[in-house]
Amino acid sequence: MLFPGIDVRMKGVSVAAAMLFVDAAACGRPPACPNCRWRGRRVHSTYRRNLSERPLGGHKLIVRLRVRRFFCDRKSCARRTFVEQVGRLTERYRHSSLGLKEWLTTVAVELGGRAGERLCRKLNLAAGRTRLVGRWRRRRRRGGHRGSSGWTSSPSAAGAGTAPSW
C-alpha cells in the first residue's frame, strides 16, 4: 500500500530510532535511454538509492530502492549507460521522492520560510527554511504565479524566511 500503481516490489521493512526503512526494488519494464529513446535490453549493474519519503505513522521514512543501470546499445548514442527512473517516485539526482517534493513545494508556497520550517518539524519532514524558499523560487521561475492555491509572488518576497505575498 506504500507504492500503489508504482513498479516497485517491497523487500522488507525495519525500524530504528523513530526512523522507518523500507527496502524495495524497481521491477518495471526496461526504460528507454534519455538521449536516444532506445529501450535498454542489457543490465549493466544495480545499486541502491536512499530516498526520503513522506512520514508514515509519525516516523521518518527512508526508502532504500534498488535500481538497475542499463547499457545503451545504440552505436550513434553518446550515452553508454543510464539508470532507470521509477515513474511517480524518482527523478534524476533527487534524494527525495516526488511525493515529498510535492509536499515541500506546497508548504513553501503556502507558508514560506520560517513558518514552513516549523510545520515541517511538526510533521517530521527534513526541510529547513532555505530549502523551502528554494522550492518556492523554483516554482515561481517556472511560471507558477497563479496555481491551484491562488498565490501570487512579488519581488519583495525573495528574501530568506519570508512568505509569498497574498
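Start by selecting Ser-45 and Arg-69: in this predicted model, Ser-45 stands opposite Arg-69 of strand β4. Now widen the selection to residues 43-56, which make up strand β3, and bring in β4 as well; the two pair in the antiparallel sense, with 11 bridges between them. Further along that pairing, pick Leu-51, which has Val-63 of β4 opposite.

Follow the two strands round to where they join. β3 and β4 form a hairpin with two residues between them, and one to click on in the turn is Gly-57, whose phi is positive at about 60 degrees.

**Around β4**

Keep β4 on screen, residues 59-71, and add residues 19-26, which are strand β2. These two run parallel, joined by seven bridges. Val-63 comes up again here, as the bridge partner of Val-22. So what should you select to see Val-63 with both of its partners? Take Leu-51, which stands opposite Val-63, along with Val-22, which is bridged to Val-63.

Next, add residues 81-83 for strand β5. β5 is antiparallel to β4, and three bridges hold the two together. Click Phe-71 and Thr-81 to see one place where they meet: Phe-71 stands opposite Thr-81 of β5.

**The rings**

Stay with β4 and β5 and show side chains. Which two rings make up the aromatic pair, and are they stacked or edge-to-face? The structure holds one aromatic pair. It is Phe-70 with Phe-82, and the pair counts as stacked because the ring planes are at 25 degrees, with the centres 6.0 Å apart. Phe-70 belongs to β4 and Phe-82 to β5, so the pair ties together parts that are 12 residues apart in sequence. Switch on a surface if you like; both Phe-70 and Phe-82 are buried.

Now go back to Phe-71 and add Arg-42. The charged end of Arg-42 sits over the ring of Phe-71, at 4.2 Å from the ring centre.

**The loop between β2 and β3**

Select Arg-29, in the loop between β2 and β3. Is Arg-29 buried or exposed? Its relative accessibility is 63%, so Arg-29 counts as exposed. Leaving out residues up to four places away in sequence, Arg-29 touches Arg-39 and Arg-68, so show those two side chains next.

Try a distance here, too. From the C-alpha of Arg-29 to the C-alpha of Arg-41 is 9.8 Å, with the two residues 12 apart in sequence.

Still in the loop between β2 and β3, click Arg-37. Its backbone deserves a look: Arg-37 has a positive phi of about 65 degrees although it is not a glycine. For context, most residues other than glycine have a negative phi. Arg-37 is also exposed, with a relative accessible area of 59%.

**From β5 to α1**

Move on to the loop between β5 and α1 and select Tyr-93. This residue, again not a glycine, has a positive phi near 65 degrees. Tyr-93 is exposed, at 70% relative accessible area.

Select Arg-94 in the loop between β5 and α1. Its side chain makes a polar contact of 3.0 Å with the side chain of Glu-91. Show the other neighbours as well: not counting residues up to four places away in sequence, Arg-94 touches Arg-49, Leu-51, Lys-101 and Arg-135. You have met Leu-51 before, opposite Val-63 in β4.

From Arg-94, hop to Lys-101, which is in helix α1 (residues 98-111). Why does Lys-101 count as buried? Its relative accessible area is 16%, and the cut-off for buried is under 20%. Setting aside neighbours within four places in sequence, Lys-101 is in contact with Glu-91, Arg-94 and Arg-135. Select Arg-135 and you can trace contacts from it to both Lys-101 and Arg-94.

**Zooming out**

Finally, show the whole chain and colour by secondary structure. There are three helices and five strands, in the order β-β-β-β-β-α-α-α along the sequence. Colour by accessibility instead, and 38% of the 166 residues count as buried. The chain exposes about 9800 Å², and carbon and sulfur atoms supply 51% of that. If you draw a contact map, look at contacts with a separation of 6 or more: residues 24 or more positions apart account for 50% of them.

Note on methods. Residues are numbered from 1 along each chain as its sequence is written. This is a predicted model: local features need pLDDT of at least 70, side-chain atom pairs count only at pLDDT 80 or more; totals for chains, interfaces and linings use all residues. Side-chain values use heavy atoms; hydrogens and water are left out. Two strands pair if DSSP finds at least two bridges between them. Helices (H or I, at least four residues) and strands (E, at least two) are DSSP runs, numbered from the N terminus. Rings of Phe, Tyr and Trp (its six-membered ring) pair if their centres lie within 6.5 Å; planes under 30 degrees apart count as stacked, over 60 as edge-to-face and the rest as tilted. Buried means under 20% relative accessible area, exposed over 50%, partly exposed in between (1.4 Å probe, protein chains only). A charge sits over a ring if NZ of Lys or CZ of Arg is within 6 Å of the ring centre and within 35 degrees of the ring normal. Contact means heavy atoms within 4.5 Å. A polar contact is a pair of N or O atoms within 3.5 Å; within protein, one must be able to donate a hydrogen and the other to accept it, and residues adjacent in sequence count only if both atoms are side-chain atoms. Accessible areas come from the Shrake-Rupley method with a 1.4 Å probe; for residues, only the protein chains shown count as cover.
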